[in-house]
Amino acid sequence: MNNGRNVIEIEAKHALGKSGMKELDYAFNPYLGCFHGCRYCYAIDMSPDAVRENWGTGVIARTNIIQLLEREARIYRKGVVGVSTITDPYQYIEMKYRIIPAAIEILSRNGFYITIQTKSPMVLRDIAILEKNKKNLDVGITITSLKPEVSRLVEPYAPAPAKRLEALQKLSRSGINTWLYLGPLIQNVNDNLDGIEKIVEFCGKTGIRIIYDSFQDFSGTLPYMAGTGYMRSDQAWWDRMDYDIKRICSEYGVSCTLERDEWKYELSRKYGKLF
């Protein structure tokens, strides 16, 4: 037990897994489950029963993953590694295990590109390593809403939104390629356009681009979303949201990409305009 929460240590069989995201070649997930306890998280459906049944209260730590990564990084085909795709790499138990800085060093040294996504300002702990390897990585921070009460409703144990913005700005000022993940946008919960405009305004002032997406109704999320007042997404609602987000971003001169089109953005960044 750890502060009333379960941490289960296991030995993994591999470090790098296939990713279902088109813009990634590999996923690196040092933990299974997440202490942020986000009610909307698609990873609930992808996690072992030991953590999915009481989401947010238990995490599995893959304690030998750095030893596995040392070997796999030498022999696997080089590519883009997502850190992490079904957990938060900087949830508080990372203070104990310190897996992420070692992984960044190994992957960079072996020619992989790294893309990190988190909700935690703990990422600043590794800012020296991120700066050192900034040609080989980018860092994104997720914001669902700037309102603490909305954040606590849907991501009850995640760090405060204001702290996340401070961290993102500091990373950006350090010359690290940064982005803000706006979402998931949930009908009747965090789809207020005034709130979204404040987030876009922040990105306009700091030169940070946005990736955005809507909430998806995965079966594992439904029991946790009950009581939040959310409405199941419908296409007409999302079409309006998509239009308004692009309009607001245009007004503030902010580059924005729908998550499903992120692979096109990455290819165009590498090879120039595609279509």
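Helices and strands are DSSP runs, with helices (H or I) of at least four residues and strands (E) of at least two, numbered from the N terminus. In these terms Gly111, just after α4, takes a positive phi of about 85°. The model is a predicted one.

Helix α4 is mostly covered, with 8 of its 11 residues buried. The buried set consists of Ile99, Ile100, Pro101, Ala103, Ile104, Ile106, Leu107 and Ser108. Ser108, within helix α4, has a relative accessible area of 10% and is therefore buried. When neighbours within four places in sequence are left aside, the contacts of Ser108 are with Ile114, Asn133 and Asn136. In the loop between α3 and α4 lies Arg98, which has a positive phi of about 50° although it is not a glycine. The relative accessibility of Arg98 is 45%, so this residue counts as partly exposed.

Helix α4 (residues 99-109) also packs against helix α2 (residues 65-75), the two axes coming within 10 Å and crossing at roughly 5°. Because angles under 35 degrees count as roughly parallel, α2 and α4 are roughly parallel to each other. On the α2 side the contact is made by Ile65, Ile66, Leu69, Glu70 and Ala73, and on the α4 side by Ile99, Ala102, Ala103, Ile106, Leu107 and Arg109. By class, the residues of this contact between α2 and α4 comprise 9 nonpolar and 2 charged, with no polar residue.

In soluble globular proteins, nonpolar side chains tend to be buried together. The largest nonpolar core of the model contains 58 residues, and those with the most contacts inside it are Phe28, Leu69, Leu130, Leu180 and Ile210. A second core, separate from it, has 19 residues, including Ile60, Val154, Ile186 and Phe215. Leu69 of the largest core is also one of the α2 residues in the contact with α4. Apart from neighbours within four places in sequence, Phe28 is in contact with Ala15, Leu16, Ile65, Leu69, Val81, Gly82, Val83, Ser84, Ile99, Ile100 and Ala103.

Two of the residues touched by Phe28, Val83 and Ser84, are joined by a cis peptide bond with omega of about -5°. Ser84 is in the loop between β6 (80-83) and α3 (94-97). A cis peptide bond with omega of about 0° joins Gly183 and Pro184, and Pro184 is placed in strand β9 (residues 177-185). Most residues other than glycine have a negative phi, and most peptide bonds are trans. Besides Arg98, a positive phi in a residue other than glycine occurs at Asn188, where the value is near 75°. Asn188 belongs to the loop between β9 and α8 (193-206) and, at 49% relative accessibility, counts as partly exposed.

Gly183 and Pro184 are also among the residues touched by Thr144, together with Tyr40, Ser151, Val154, Glu155, Arg164 and Asn190, not counting residues up to four places away in sequence. Thr144 lies in the loop between β8 (137-143) and α6 and is buried, with a relative accessibility of 2%. Its C-alpha atom is 22 Å from that of Glu23, a residue 121 places away in sequence. Asn190 is likewise in contact with Val150, whose other contacts, neighbours within four places in sequence aside, are Ser145 and Val189. Val150 is part of helix α6 (residues 148-154) and counts as buried at 13% relative accessibility. Between Val150 and Ile86, 64 residues apart along the chain, the C-alpha separation is 22 Å.

A search of the whole structure finds 0 disulfides. Cys41 is in none, its nearest cysteine sulfur being that of Cys38 at 6.3 Å. With a relative accessible area of 18%, Cys41 is buried. The sulfur of Cys256 is 3.5 Å from the closest cysteine sulfur, in Cys249. Because a disulfide requires sulfur atoms within 2.5 Å, this distance is too far for a bond. Cys256 is partly exposed, with a relative accessible area of 23%.

How values were computed:
Residues numbered from 1 in each chain as written. Predicted model: local features only at pLDDT ≥ 70, side-chain atom pairs only at ≥ 80, totals over all residues. Heavy atoms only, no water. Buried < 20%, exposed > 50% of the residue type's maximum accessible area, 1.4 Å probe, protein only. Contact = heavy atoms within 4.5 Å. Axes fitted to C-alpha atoms, helices over the stretch in contact; angles between N-to-C directions. Parallel < 35°, antiparallel > 145°, perpendicular 65-115°, else oblique. Nonpolar A, V, L, I, M, F, W, Y, C, P; charged D, E, K, R; others polar. Core = buried A, V, L, I, M, F, W, Y, C linked by side-chain atoms within 4.5 Å.
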